[in-house]
Amino acid sequence: MWPYWLLFLIPALGALNAARPGAAAQGAMDVRWSAGWGVLLCLLTLVIGYRFQVGGDWGNYLRNFFSVRGATLDEVLAMGDPGYHLLNWLSVEFGWGIFGVNVVSGLLFSAGLLHFCRSLQRPWLALAVAVPYLVIVVAMGYSRQGVALGLAMLGLVALRRGSVAGFVLWVVLGATFHKSAVLLLPIAALAATRNKLWTLFWVGLITLLAYFLLLADAVDALITNYLDAEYQSQGALVRLAMNAVPAAVLLLWWPRFRFSGADGALWRWFAILSLVLMALLFVSPATTALDRIGLYLLPLQLVVFSQLPDVFGTAKANNQGWVALVLGYYAVVQFVWLNYAAHAYAWVPYRFYLLEGLV
């Protein structure tokens with residue numbers, strides 16, 4: 001499992017050696033990419049895209065891939081999650097195999113994640129926070145939802161810059177890979193600080209349209225699978241608690257966090273929704289549905305924990321002790337998941353397709 005630890009150590013060392021947050025700490029976002037972040041994008045894309053028989057749904061994704069063989073383009077676009085099936089179809093047509101699907105999926109996820117991290121005060125620390133669950137479990141286990149989340153993170157950066165239209169565009173694109181991303185659209189209306197009624201109107205309209213185009217046909221199946229069957233998700237309590245903890249920290253110490261107007265409204269709603277999902281877990285038997293919705297709130301962990309050293313540490317200092325504390329917490333999360341999670345066997349050992357013939 002050393003590749004997983006290498007993935008964690010690279011941003012962890014970057015976080016420990018990073019200079020004190022500068023302009024970004026005052027609310028300005030610096031999302032320019034250096035060569036180093038470009039290399040990191042390539043590395044992350046390759047590790048995710050060329051994983052071999054890694055992830056609990058590896059067999060299901062293979063079946064998805066073979067299901068589009070011989071289908072016409074019209075038939076592919078009529079399938080559920082058309083963006084993901086189109087990617088599979090293109091990979092079949094061009095002879096890229098399942099790795100063509102996984103590499104493109106890995107690239108879309110990684111681009112969204114790194115762009116989002118670059119928009120935060122401590123991008124290296126945010127990336128280290130993302131590795132144990134968002135990268136290893138979600139991106140390598142739930143390919144479709146990983147792409148949807150990566151595109152949604154591009155949308156979140158747009159929304160933080162005040163572009164509601166940009167957020168809606170990225171989220172709708174993400175919903176073509178996993179229809180559940182539609183559930184994120186109302187966030188744009190909730191987080192709006194200007195023209196709230198107008199934003200509520202047109203975002204509501206787009207949400208309805210996306211619902212009927214992408215989600216409506218699958219609602220019966222989702223209700224049957226997730227609600228009527230009371231489908232239980234092992235570990236849902238732990239995963240939702242991982243969102244609930246930063247949500248509680250954010251709301252309890254709200255004045256200490258530095259957000260602009262729209263940015264603050266956005267993360268306050270993320271925190272409230274995280275706590276609502278946690279509360280619903282104790283009264284609803286459909287833990288899988290809550291667990292899947294909670295995946296879209298994972299960016300809250302990156303926002304809160306990457307700010308923690310500056311919220312509780314000394315002003316205008318590196319606060320490396322707090323950085324080490326956050327890294328230690330997520331190192332424990334990764335250790336426990338890789339060694340004790342019920343389905344960790346599907347991720348361990350990590351296998352890299354391009355080296356399969358050499359070892």
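**Helix α5, salt bridges and cysteines in the predicted model**

Just after helix α5, residue G95 adopts a positive phi of about 70 degrees. The structure described here is a predicted model. Helix α5 itself spans residues 82–93, a run of 12 residues. The distance from its first C-alpha to its last is 16 Å, close to the 16 Å expected at 1.5 Å a residue. Its buried residues are P82, G83, Y84, H85, L87, N88, W89 and S91. The elements covering these buried residues of α5 include α3 (58–67), α4 (73–77) and α6 (97–118). Also among them are α8 (143–160) and α11 (196–215).

Side chains of opposite charge can pair when their charged atoms come close. In the model, the count of salt bridges comes to seven. One of the pairs joins D263 to R160, with the closest N and O atoms 2.8 Å apart. This pair links distant parts of the chain, since D263 belongs to helix α14 (residues 261–281) and R160 to helix α8, 103 residues apart. Both D263 and R160 are buried. Helix α8 is also listed among the elements that cover the buried residues of α5.

A salt bridge is also formed by D291 and R292, whose closest N and O atoms lie 3.6 Å apart. Here D291 is buried, at a relative accessible area of 3%, whereas R292 is partly exposed, at 25%. In the salt bridge between E356 and R351, the closest N and O atoms are 2.8 Å apart. E356 is partly exposed, with a relative accessible area of 25%. R351 is likewise partly exposed, with a value of 29%. In addition, D81, R144 and K179 are linked in a network of salt bridges.

The structure contains zero disulfides. For C42, the closest cysteine sulfur is that of C117, and a bond is ruled out because the two sulfur atoms are 16 Å apart, whereas a disulfide requires them to be within 2.5 Å. The same holds from the side of C117, whose closest cysteine sulfur is in C42, 16 Å away and too far for a bond. As to their surroundings, C42 counts as partly exposed at 48% relative accessibility, while C117 is buried, with a relative accessible area of 0%.

Key
Residues are numbered from 1 along each chain as its sequence is written. This is a predicted model: local features need pLDDT of at least 70, side-chain atom pairs count only at pLDDT 80 or more; totals for chains, interfaces and linings use all residues. Side-chain values use heavy atoms; hydrogens and water are left out. Buried means under 20% relative accessible area, exposed over 50%, partly exposed in between (1.4 Å probe, protein chains only). Helices (H or I, at least four residues) and strands (E, at least two) are DSSP runs, numbered from the N terminus. The expected span of a helix is 1.5 Å times one less than its number of residues. Contact means heavy atoms within 4.5 Å. A salt bridge is a side-chain nitrogen of Lys or Arg within 4 Å of a carboxyl oxygen of Asp or Glu.
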